[in-house]
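Subject: Structure handover

Hello,

Here is the structure for your next round of work. Please open it first, then read on for what was found.

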Amino acid sequence: MDRSIDWGRFPNFSEKEFACQHCGEHGIDERIVDVVQRIREEADFPFIITSGYRCVEHPIEKKKSSPGVHTSGLAVDIGASHEKAYIILKLAIQRNLPGVGVNQKGSGRFIHLDISEPEENRPRPHLWSY
């Protein structure tokens, strides 16, 4: 998947952060990067993208019965906990993001954000926890 993105528009992030961690493929959609950049600016603190685009061969996707939203390039996971997770969650809800997942237990805490459309097994808007 070749999506040409003007990374100069996103001063807080790089193309590599959103690439598939399994194969290095670049398939992230510019619209979700734009959302994340705006949240980053409003939050006024740095955060790490722990997962962006995932190819269908990515180990997490292989475990699923059908590929998830990350494979469409419309989702990101942001490493955040405590107050920072709360702020990111608040900003995502203010933007009416249709898909928001929250994992705030254990050592790999994150907020999932996506801009996907509703599908048969994927209602939107939707909030869930892991």
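Which strands each supply at least two residues of the lining of the largest pocket? They are strand 4 (110–114) and strand 5 (126–129). Keep in mind that this is a predicted model.

**The pocket**

The volume of the largest pocket is about 440 Å³. Its lining has 21 residues, and those closest to the centre are Lys64, Pro67, Gly68, Val69 and Arg122. By class, the lining splits into 7 nonpolar, 7 polar and 7 charged residues. Strand 4 gives the largest share of this lining, with 3 residues.

**The sheet**

Strand 4 and strand 5 also belong to an open sheet of 5 strands. The order is 1-2-4-3-5, and the pairing is mixed. Strand 1 (48–51) and strand 5 are the edge strands, each pairing on one side only. On average, neighbouring strands of this sheet are turned by 25° against each other, direction ignored.

Strands of a sheet pair through backbone hydrogen bonds, in a parallel or an antiparallel way. Strand 2 (residues 75–79) pairs with strand 4 in the antiparallel sense, over 5 bridges. Ile78 has Ile111 of strand 4 as its bridge partner.

**The helices**

Which strands does helix 2 (residues 30–43) lie across? Helix 2 lies across strand 1, strand 2 and strand 4, at about 30° to strand 2. Helix 4 (residues 82–94) lies across strand 2, strand 3 (99–103), strand 4 and strand 5. Helix 4 runs at about 15° to strand 4.

Best wishes

Technical notes:
Residues are numbered from 1 along each chain as its sequence is written. This is a predicted model: local features need pLDDT of at least 70, side-chain atom pairs count only at pLDDT 80 or more; totals for chains, interfaces and linings use all residues. Side-chain values use heavy atoms; hydrogens and water are left out. On a 1 Å grid over the protein atoms alone, a cavity is a set of points where a 1.4 Å probe fits but cannot get out, and a pocket is an open set with protein on both sides within 12 Å along at least five of seven lines; lining residues have an atom within 4 Å of a point. Grid points are joined across faces, edges and corners, and a volume is the space filled by probe spheres set on the points. Helices (H or I, at least four residues) and strands (E, at least two) are DSSP runs, numbered from the N terminus. Ala, Val, Leu, Ile, Met, Phe, Trp, Tyr, Cys and Pro count as nonpolar, Asp, Glu, Lys and Arg as charged, and the others, Gly among them, as polar. Two strands pair if DSSP finds at least two bridges between them. Axes are lines fitted to C-alpha atoms, for helices over the stretch in contact, and angles run from 0 to 180 degrees between N-to-C directions. Contact means heavy atoms within 4.5 Å.
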